[in-house]
Amino acid sequence: MAAWDTESTGVIPVQRMRPGDHAFVSYEDDEGPWGVLTAFAWTGLGRGEKVMLFPTPGLPESEVLDRLDAWGPAASAARRRGQIVLSSMRSLILPHRKFTPERQWEGITTETERAVREGYQGFRAYIDMHWVADLDADIETMLYRETHADHLFETAPYSEICAYDRRAFSGEVLDAMAAAHPRNLLERLGSLRVVHADDGVVRLTGDADLATRAEFTAALKAAMARTPVAGRLLVDLTDLNFLGVGCAADLLLVAERAEGGRRIEVRCDAFQARTLRRLGAGSNRRLAVAEAAGERLDRGVGGEPGDGPGEGLGEGSVQGRQR
Amino acid sequence: MRSDPRDLSGGDGAEEWLLECVFTGEDLPGLRVAVGECAASAGLKEPRWGEFVLAVNEIASNAIEHGGGRGCLTLRRRSGELECRIADDGPGFPESVIPELLPGLDGAHTGRGLWLARLVTDRLVIDGGAAGASEAMGEGGAPDGVQAVGAVVTLAIRV
């Protein structure tokens, strides 16, 4: 199965990206990239990071700005103060005209260092890979770049999305590129991905909300039906970005109605555990909630330029700010 | 999602208009990101950050499910609060729809999202539209000719 297929493992929603993440995403039509792009930009604002966007070459800048602004005035304010920047691969490698991985790495390193000097918490780039044809780069060079870029992510608070239009690259190339990236992203913002593992585990990734509730609940029921009598079903929500009340209640209901001594263990983040407990998880004998270790960076953390270059991204770095 | 932001602060910082948008079901994920960014920028931290986003999501979902399939959200910062107002085109609903206690899992009781939204916010006010007016007027209901105006739910959290 293709690595970029939504059934593959190791996929996270864009909101779960952290500094140091190098992620692959693909899309199939002109509407495809916008949800991930805008969410990536906006979550960068919330975390006090500088955002550089490399959209499809030739795409009118006004279209990108309209998409960013559709969610509110924060994006335009961020552009005015230089926190969101639109660029191109051509610009990044100047004064050179021919692409080489080293020239691109140098450009990214320079921009990352500049962002840190300016006081941002990090630097993030969304790169639409149509630049490859625009600069007449070859696939082998690109694959080398993708598989030898770890140094960009290990030594600085840098994160990057490489977005591939499936109409422009072969399945073989997409497979290779997906495998070359440590992270693969859900293609659509707000989607839910379900993976039923053989070992009594169901993993739910993405958003569990009004739109995906039926899918969420059906996945839990199917997983429970496969759980042996007196067995335990592990519901892994550690890469679930959002858990709405309706889905949380359905999870509790599936556990409450478990028959034959079956039980559910939920592994989730602290906030999701708090939501489940508020809804009565503590009184459900067939349900155990375990908080997974690790912080979530999309949960009200971040900061404003000036909080201090290179400071941690923990909650203590948050500063209130006025727009 | 259509956005029409306005700055009502007058430059004195007393009131900031952060978001104003019409949304449908497909906009909810983006709406959560935008509200979350504004809440983070306003200084909210976990768990109140997540609770505010969750509460907004539940009210917006209610508008989509029961209020005509869409809503209008405005988010502003004023008087030490982050205030979100969500209006819909549905028949409206009275405040009594929100249960006093956490509803049990059995049965068809909806209102769990509204219950949690009220629990985790510092202020939640419902202008219930025609249905709310009908309840307020007693069994006689609203006068003839009164049209459904939809519900307006305001929720706020201190920042």
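**Notebook: a first look at chains A and B**

I began with how much of chain A is tucked away: buried residues make up 47% of its 323 residues. I keep in mind that this is a predicted model.

**Entry 1: chain A overall.** I looked up the secondary structure and found twelve helices and 13 strands in chain A. Next I checked how far apart in sequence the contacting residues are. Among contacts in chain A between residues at least 6 apart in sequence, 74% join residues at least 24 apart.

**Entry 2: the sheet.** In which order do the seven strands of the open sheet of chain A lie? I read the order as E1-E7-E2-E6-E5-E3-E4, with parallel pairing. Strand E1 (11-12) and strand E4 (84-86) of chain A stand at the edges; each has a single partner strand, so one side of each is left without a neighbour in the sheet. A reminder to myself: strands of a sheet pair through backbone hydrogen bonds, either parallel or antiparallel.

I then picked one pair from this sheet. Strand E2 (residues 22-27) and strand E6 (residues 158-165) of chain A run parallel and are joined by six bridges. For one residue I noted the partner too: Ser26(A) has Tyr164(A) as its bridge partner in E6(A).

**Entry 3: two domains in chain A.** The domain assignment splits chain A into domain 1 (11-185) and domain 2 (192-291). Their centres, taken over C-alpha atoms, are separated by 34 Å. How many residues does each domain give to the contact? I found five residues from domain 1 of chain A and six residues from domain 2 of chain A. On the domain 1 side, the residues divide into three nonpolar, one polar and one charged.

**Entry 4: another strand pair in chain A.** I followed strand E12 (residues 263-268) and strand E13 (residues 287-291) of chain A, which pair in the parallel sense over five bridges. Opposite Ile264(A) I found Leu287(A) in E13(A). To get from E12(A) to E13(A), the chain passes through helix H12 (residues 270-278) of chain A, and this β-α-β crossover is right-handed.

**Entry 5: where chain A meets chain B.** The contact takes 44 residues from chain A and 41 residues from chain B. On the chain B side, the elements giving two or more residues are strand E2 (15-24), helix H1 (28-41), helix H2 (48-66) and helix H3 (112-120) of chain B. Which of these elements gives the most to the side of chain B that touches chain A? H1(B) does, with twelve residues. Sorting this side of chain B by class, I get 22 nonpolar, eleven polar and eight charged residues.

**Entry 6: helix H1 of chain B.** I wanted to check the length of H1(B). At 1.5 Å a residue, its 14 residues should span 20 Å, and the end C-alpha atoms are 20 Å apart, which agrees. Is H1(B) mostly covered or mostly exposed? H1(B) is mostly covered, with 14 of its 14 residues buried. After H1(B) comes Gly43(B), whose phi is positive, near 105°.

**Entry 7: Val153(B).** My last stop was a single residue, Val153(B), which I located in strand E6 (residues 152-158) of chain B. Why does Val153(B) count as buried? Val153(B) has 28 other C-beta atoms within 10 Å, and a residue is buried if 20 or more lie within that distance. Leaving aside neighbours within four places in sequence, I found Val153(B) in contact with Ile59(B), Ile86(B) and Ile126(B). I also looked up Glu51(B): Val153(B) and Glu51(B) are 102 residues apart in sequence, and 16 Å apart in space, C-alpha to C-alpha.

Technical notes
Residues numbered from 1 in each chain as written. Chains lettered and ligands numbered in written order. Predicted model: local features only at pLDDT ≥ 70, side-chain atom pairs only at ≥ 80, totals over all residues. Pairing = 2+ DSSP bridges. Helix = DSSP H or I, 4+ residues; strand = E, 2+ residues; numbered from the N terminus. Buried ≥ 20, exposed ≤ 12 C-beta atoms within 10 Å, placed from the backbone. Contact = placed C-beta atoms within 7 Å. Nonpolar A, V, L, I, M, F, W, Y, C, P; charged D, E, K, R; others polar. Domains from an automatic or database assignment. Right-handed = clockwise from strand over helix to strand, strands pointing away. Expected span 1.5 Å × (residues − 1).
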